[in-house]
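The following briefing sets out the structural features of a single chain, grouped by topic. It begins with charged side chains and then turns to strands, core, loop and surface.

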Amino acid sequence: MSDTVKMKLTFPRGKQMPGDTVDVPADEVHRWKGYAEPVKNDQKTEDAAKAGADKAQTTGSQPQKAAGK
């Protein structure tokens, strides 16, 4: 079973206008950044947004060691 998160649109999407609520799969919340914001008082939304942000910032997060040292 896939968890969904309720998000409020901040940008028009097809026939839906800003302020409309949409259900977004929890693992795709990071893709909606800038187009929708999580609905308040929804704990799953906040957890999914944090998890998405953690996954998105993995590139370059490990410092490289200097060669020959």
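One salt bridge is counted in this predicted model, a salt bridge being a side-chain nitrogen of Lys or Arg within 4 Å of a carboxyl oxygen of Asp or Glu. The model is predicted, so local features need pLDDT of at least 70 and side-chain atom pairs count only at pLDDT 80 or more, while totals for chains, interfaces and linings use all residues. Residues are numbered from 1 along each chain as its sequence is written, and side-chain values use heavy atoms, with hydrogens and water left out.

**Salt bridge**

- The salt bridge is formed by the side chains of Asp23 and Lys6, at 3.4 Å from N to O.
- This pair links distant parts of the chain, with Asp23 in strand S2 and Lys6 in strand S1, 17 residues apart.
- Lys6 also stands opposite Asp23 of S2.
- Lys6 has a relative accessible area of 44% and is therefore partly exposed; the classes are buried (under 20% relative accessible area), exposed (over 50%) and partly exposed in between, with a 1.4 Å probe and protein chains only.

**Elements and sheet**

- The chain contains one helix and three strands; these are DSSP runs numbered from the N terminus, with helices (H or I) of at least four residues and strands (E) of at least two.
- Read from the N terminus, the order of elements is β-β-β-α.
- The three strands make an open sheet in the order S2-S1-S3, with antiparallel pairing; two strands pair if DSSP finds at least two bridges between them.
- S2 and strand S3 (36–38) stand at the edges with a single partner strand each, so one side of each has no neighbour in the sheet.
- From one strand to the next, the twist averages 45 degrees; axes are lines fitted to C-alpha atoms, for helices over the stretch in contact, and angles run from 0 to 180 degrees between N-to-C directions.
- S1 and S2 run antiparallel and are joined by five bridges.
- Within this pair, Val5 has Val24 of S2 as its bridge partner, and Thr4 has Pro25 of S2.
- S1 and S3 also run antiparallel, joined by three bridges, and Lys8 has Glu37 of S3 as a bridge partner.

**Side-chain alternation and core**

- In S1, the buried side chains of Val5, Met7 and Leu9 point to one face, whereas Thr4, Lys6 and Lys8 point to the other and are not buried.
- S2 also alternates: Val22 and Val24 are buried on one face, whereas Thr21, Asp23 and Pro25 point to the other and are not buried.
- In soluble globular proteins, nonpolar side chains tend to be buried together.
- The largest nonpolar core here has eight residues, namely Val5, Met7, Leu9, Val22, Val24, Val29, Trp32 and Ala36; such a core is a set of buried Ala, Val, Leu, Ile, Met, Phe, Trp, Tyr and Cys residues joined through side-chain atoms within 4.5 Å.
- S1 and S2 are the elements that give two or more residues to this core, and S1 supplies the largest share, three residues.

**Loop between S1 and S2**

- Gln16 belongs to the loop between strand S1 (4–9) and strand S2 (21–25).
- Gln16 is partly exposed, its relative accessible area being 29%.
- Apart from neighbours within four places in sequence, Gln16 contacts Leu9 and Val22, where contact means heavy atoms within 4.5 Å.
- Pro18 also lies in the loop between S1 and S2, and at 44% relative accessibility Pro18 counts as partly exposed.
- Not counting residues up to four places away in sequence, Pro18 touches Leu9, Thr10, Phe11 and Pro12.
- The C-alpha atoms of Pro18 and Ala36 are 8.3 Å apart, with their positions 18 residues apart along the chain.

**Strand S3 and Pro38**

- Pro38 is placed in strand S3 and is partly exposed at 31% relative accessibility.
- A distance of 9.4 Å separates the C-alpha atoms of Pro38 and Thr21, which lie 17 residues apart along the chain.

**Whole chain**

- Of the 69 residues in the chain, 17% are buried.
- Among contacts with a separation of 6 or more, 37% are between residues 24 or more positions apart.
- The exposed area is about 5800 Å², of which carbon and sulfur atoms supply 50%; accessible areas come from the Shrake-Rupley method with a 1.4 Å probe, and for residues only the protein chains shown count as cover.
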